[in-house]
Amino acid sequence: MSDKTKLTELVTALAMLGGDHPLAVLPVQPAELRNVDDATWTELVQSWNEPDLRPLLDAAFDNGRFFREATDALRGRHPRIIEWTGPQRSPGDEVAPIDLRVDHVYLVSCKYLSKITMNASPAHLFDRLLTGGHGRRSTDWFCEVASREREILWRHCRQWLHETFDDFEAPHDPGDLDRTGRRELARRLRVGSKAWPPELVEPYRELCVAVSQRSAQRWSESLAKQRGAAEAMLWRLLRIGSAPYFVLGSDLSAAAPPLRVRVASPWDWRQRFQLRDFSVAPLDGGQPMVTWRARYRDEHGDHEVRGHVEIRWSHGRFNGPPEAKVYLDTPFDLVPGYFPIQ
């Protein structure tokens with residue numbers, strides 16, 4: 001969990017309590033705010049006045065204050081307890097990404113400066129369709145779906161490393177490196193902040209094409225095996241859970257309005273929308289990607305919601321196992337099942 005994530009979630013909670021601006025009352029932690037240890041609270045206090053963070057924290061404060069007064073939410077009532085879920089994983093098979101629970105009833109997700117709806121293991125997404133609890137990135141998806149292309153890429157990497165560095169011995173398989181060695185490998189395979197060395201661009205592109213195509217194929221095959229899987233898949237991608245919850249946040253664009261929506265349950269969704277089609281396809285780009293698109297109908301006609309999945313090594317090239325980051329490309333205010341908080 002990043003420092004910004006922790007800070008925005010906690011400031012959102014503080015604003016729900018009403019009263020003066022937190023800057024006027026810190027460093028006293030309110031008794032209503034639970035599950036925040038001393039180290040985390042100290043970090044919040046020390047970061048509040050940092051100029052780079054202030055706009056983001058002010059946006060979080062405005063959202064928390066809005067939630068306190070909203071008719072759909074607290075209606076001006078003072079919360080008796082606000083529980084912060086913190087960095088730990090949910091112990092159950094929970095779709096909704098809940099960060100705050102207010103008075104044991106109101107479930108709130110805080111989403112600031114991100115279009116990512118979830119981060120899962122590729123097998124959990126493409127094979128298990130996000131069912132059965134959290135998918136841990138314990139296997140190398142690139143080895144599973146594109147072993148030949150990964151092997152060719154690594155062979156070129158070894159040669160380039162051998163010709164470029166005298167102080168780094170690349171093994172026959174990057175999996176033989178320890179954590180420190182993998183981190184150093186990822187650092188050396190970067191040119192500038194992100195680019196691959198020119199000699200490695202083409203073999204990496206071939207890996208991207210293979211992973212994108214075969215991941216899309218696996219996803220399509222998994223969806224075809226189960227009746228009703230497409231609708232359930234869309235709900236999971238949109239983080240539509242078994243109970244309604246609220247999302248408070250801000251978009252990447254400074255000009256965009258605050259993000260303040262109520263997310264429907266599947267029962268609510270079916271009262272308003274009908275899924276017409278769900279499709280996936282490989283996508284060309286600078287890394288392995290798969291697009292997803294859902295066509296649906298409501299009382300006004302036919303519409304669609306879109307997103308994509310980026311499949312990449314976690315923590316750098318050949319470092320951690322590949323992860324699947326799910327992005328929502330449709331603006332939040334046009335997503336079926338996301339209703340503005342009144």
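In the hairpin formed by β3 and β4, where three residues lie between the strands, D103 adopts a positive phi near 55 degrees; strands here are DSSP runs (E, at least two residues) and helices likewise (H or I, at least four), numbered from the N terminus. The model is a predicted one, in which local features require pLDDT of at least 70 and side-chain atom pairs count only at pLDDT 80 or more, while totals for chains, interfaces and linings use all residues. Residues are numbered from 1 along each chain as its sequence is written, and side-chain values use heavy atoms, with hydrogens and water left out.

Strand β4 pairs with two strands, as tabulated below, pairing being assigned if DSSP finds at least two bridges between two strands.

| Pair | Sense | Bridges | Facing residues |
|---|---|---|---|
| β3 (residues 100-102) and β4 | antiparallel | three bridges | L100 and V108 |
| β4 and β6 (residues 245-250) | parallel | five bridges | C110 and L248 |

Six of the seven residues of β4 (residues 106-112) are buried, that is, under 20% relative accessible area with a 1.4 Å probe and protein chains only, exposed being over 50% and partly exposed in between.

The largest nonpolar core, a set of buried Ala, Val, Leu, Ile, Met, Phe, Trp, Tyr and Cys residues joined through side-chain atoms within 4.5 Å, has 67 residues, of which L125, W219, F278 and W292 touch the most other members. Helix α6 (residues 141-164) gives the most to this core, with nine residues. Apart from it lies another core of 33 residues, L53, W84, L100 and Y112 among them.

In helix α9 (residues 229-237), E231 counts as buried because its relative accessibility is 15%. Beyond neighbours within four places in sequence, E231 is in contact (heavy atoms within 4.5 Å) with W269, R270 and L275.
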